[in-house]
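I opened this notebook to record what I looked up in one structure. The entries run from confidence and overall layout to individual residues.

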Amino acid sequence: MDQHLPAPRAVTVVQLPDGTYTYADAARLPAPQQQVPQQIVQHIHQAPPDRTVQRVALGSGVGAGAVAAGVYFGPLLIGALTAIAANLAFLAFIALVLGWSVVTVVRAVTPGGTNAGPKPRGRR
């Protein structure tokens, strides 16, 4: 019964250069290369400038979710506030035009308004 099964192979776990792990056949592994020791960054100011914010956020226990939320919701919040400000500016303009038109109509209709013609002169 065991004659139809292939011979077992020795499979080992290997860490790839990008840091991920995979299973590999020990007979087909390439020659081991010399590992370069990783540099340990002990201070924030020694970190590359493009990773400093992420290191501060993740190092303070905030977590990757908060960093992703800041990246996503930051521009979204700016866009929403800009839209609200534009709507308020438009409503203020409409209120100004309506107020001006009401004042103009009231002055035109009122007998003592500016468009009522010459004022009668009293006795001198």
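Entry 1, confidence. I note beforehand that pLDDT is the predictor's confidence in each residue, on a scale from 0 to 100. The model is predicted, and I therefore began with this score. For the protein chain I found a mean pLDDT of 75, with 59% of the residues reaching 70 or more. Helix α1 (residues 52-59) has the lowest confidence, a mean of 60, whereas α2 has the highest, at 89. Where pLDDT is low, predicted coordinates should not be read in detail.

Entry 2, layout. I looked up the order of the elements and read β-β-α-α along the sequence. The chain holds 2 helices and 2 strands.

Entry 3, contacts and surface. I asked what share of the contacts with a separation of 6 or more comes from residues 24 or more positions apart. The share is 0%. I then looked up burial and found that 4% of the 124 residues count as buried. The chain exposes about 11,700 Å², of which carbon and sulfur atoms supply 65%.

Entry 4, the loop between the strands. I located threonine 20 in the loop that joins β1 (11-15) and β2 (21-25). Its relative accessibility is 38%. Threonine 20 counts as partly exposed because this value falls between the 20% limit for buried and the 50% limit for exposed. Leaving aside residues up to four places away in sequence, I recorded that threonine 20 touches Val14 and Gln15.

Entry 5, helix α2. I examined isoleucine 84, which lies in helix α2 (residues 64-109). With a relative accessible area of 47%, isoleucine 84 is partly exposed. I also found isoleucine 84 in a nonpolar surface patch, whose members include Leu77, Leu81, Leu88, Phe90 and Phe93. Together the patch residues have about 1,100 Å² of accessible area. Isoleucine 84 can belong to such a patch because its 47% is over the 30% that patch membership requires.

Entry 6, aromatic rings. How many aromatic pairs are counted? I recorded 1 aromatic pair. Tyrosine 72 and phenylalanine 73 form this pair, edge-to-face, with 4.9 Å from centre to centre and 80° between the planes. Tyrosine 72 is exposed, at a relative accessible area of 54%.

Conventions:
Residues are numbered from 1 along each chain as its sequence is written. This is a predicted model: local features need pLDDT of at least 70, side-chain atom pairs count only at pLDDT 80 or more; totals for chains, interfaces and linings use all residues. Side-chain values use heavy atoms; hydrogens and water are left out. Patches are made of residues with over 30% relative accessible area and no salt bridge: like charges are joined within 9 Å, nonpolar side chains (Val, Leu, Ile, Met, Phe, Trp, Tyr) within 5 Å. Accessible areas come from the Shrake-Rupley method with a 1.4 Å probe; for residues, only the protein chains shown count as cover. A salt bridge is a side-chain nitrogen of Lys or Arg within 4 Å of a carboxyl oxygen of Asp or Glu. Buried means under 20% relative accessible area, exposed over 50%, partly exposed in between (1.4 Å probe, protein chains only). Contact means heavy atoms within 4.5 Å. Rings of Phe, Tyr and Trp (its six-membered ring) pair if their centres lie within 6.5 Å; planes under 30 degrees apart count as stacked, over 60 as edge-to-face and the rest as tilted.
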